[in-house]
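Trainee: I'd like to learn how to read a protein model without getting lost. Can we go through one together?

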Amino acid sequence: MRGVAAVTLALALAYAVVPAAAQVKPTTDTAREADRSSVGTGSVTGTIKQTMDNGLVVVGRETGKADREWAFTLDASTRVDRAGQVQAVSDLRQGDPVTVSYTNRDGKVVAQSVTLNNP
């Protein structure tokens, strides 16, 4: 009788664990990319494609990635510098080589700093 009770208990526990294990999300590269795009920081090196009053489009890449277009939001805290000297956002021009350090916040990619590189 004890054997039957033990087997019944073991089966009940096994059936309880299987649905829980099925709920575990697989860790794939796509899942990791989604996690990175929702929160975090990074750096892109490239060339300015377009400037706007409150934004910037850069064609460039993160280290180890392919080139792509990046749309950055500029805010009051965005720092722009060239050779260690602070510049105005209005000094940014199409074709300028830049490195942009950014934070991904609330679905927006916000430029923290824009460094103008020597051509």
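Trainee: Let me start with one residue: is Asp106 buried or exposed?

Mentor: Before the answer, keep in mind that this is a predicted model. To sort a residue, you look at its relative accessible area: under 20% is buried and over 50% is exposed. Asp106 has a relative accessible area of 76%, so it is exposed.

Trainee: Where does Asp106 sit along the chain?

Mentor: Look at the loop between strand S6 (97-105) and strand S7 (108-116); that's where you'll find Asp106. Its backbone is worth a look too: Asp106 isn't a glycine, yet its phi is positive, near 50°.

Trainee: Which other residue has a positive phi although it is not a glycine?

Mentor: Try Ala83, with a phi of about 50°. Ala83 belongs to the loop between strand S4 (79-82) and strand S5 (85-87). Its relative accessibility is 73%, so Ala83 counts as exposed.

Trainee: Okay, let me zoom out. How many helices and strands does the protein chain have?

Mentor: There are 2 helices and 7 strands. Read from the N terminus, the order is α-α-β-β-β-β-β-β-β. As for cover, buried residues account for 24% of the 119 residues.

Trainee: And how do I read the way strands sit side by side? Take S1 and S2: how many bridges join them?

Mentor: For a strand pair, check the direction and the bridges. Strand S1 (residues 40-52) runs antiparallel to S2, and 7 bridges join the two. One spot to find on screen is Thr45, which stands opposite Arg61 in S2. Between S1 and S2 there's a hairpin through 2 residues.

Trainee: What about S2 and S3: in which sense do they pair?

Mentor: Antiparallel, over 6 bridges. Here you can look for Val59, whose bridge partner in S3 is Glu69. The hairpin of S2 and S3 has 6 residues between the strands, and in it Gly64 takes a positive phi near 80°. While you're there, note that strand S2 (residues 55-61) is mostly covered, with 5 of its 7 residues buried.

Trainee: Now the rings. How do I describe two aromatic rings together?

Mentor: You describe a pair of aromatic rings by the distance of the centres and the angle of the planes. In this model the count comes to 3 aromatic pairs. Take Trp70 and Phe72: the ring centres are 6.1 Å apart and the planes are at 5°, so this pair is stacked.

Trainee: Which kind of pair do Trp70 and Tyr102 form?

Mentor: A tilted one, with 5.6 Å from centre to centre and 40° between the planes. Trp70 lies in strand S3 (residues 68-73) and Tyr102 in strand S6, so their pair ties together parts that are 32 residues apart in sequence.

Trainee: How covered are these rings?

Mentor: Go one by one. Trp70 has 7% relative accessibility, so it counts as buried. Phe72 is buried too, with a relative accessible area of 2%, and Tyr102 is buried at 8%. Trp70, Phe72 and Tyr102 form one aromatic cluster.

Trainee: What lies over the face of Trp70?

Mentor: Arg68 does, at 3.6 Å from the ring centre.

Trainee: And which residues does Phe72 touch?

Mentor: Leaving out residues up to four places away in sequence, its contacts include Val44, Leu56, Val58, Val100, Tyr102 and Ala111.

Trainee: Last topic: the core. What's the general idea?

Mentor: In soluble globular proteins, nonpolar side chains tend to be buried together. In this model the largest nonpolar core has 16 residues, and among those with the most contacts inside it are Leu56, Phe72, Leu92 and Val114. S1, S2, S3, S6 and S7 each supply at least two residues of this core.

Trainee: Which strand gives the most to this core?

Mentor: S7 does, with 4 residues. For a whole-chain view, take contacts between residues at least 6 apart in sequence: 47% of them join residues at least 24 apart.

Trainee: And the outside: how much accessible surface does the protein chain have?

Mentor: About 8400 Å², with 56% of it belonging to carbon and sulfur atoms. Now go back to the picture and find Phe72: it is buried, and it is part of the aromatic cluster with Trp70 and Tyr102.

Methods
Residues numbered from 1 in each chain as written. Predicted model: local features only at pLDDT ≥ 70, side-chain atom pairs only at ≥ 80, totals over all residues. Heavy atoms only, no water. Buried < 20%, exposed > 50% of the residue type's maximum accessible area, 1.4 Å probe, protein only. Contact = heavy atoms within 4.5 Å. Areas by Shrake-Rupley, 256 points an atom, 1.4 Å probe, with all protein chains shown as cover. Phe/Tyr/Trp six-rings, centres within 6.5 Å; stacked < 30°, edge-to-face > 60°. Lys NZ or Arg CZ within 6 Å of the ring centre and 35° of its normal. Pairing = 2+ DSSP bridges. Core = buried A, V, L, I, M, F, W, Y, C linked by side-chain atoms within 4.5 Å.
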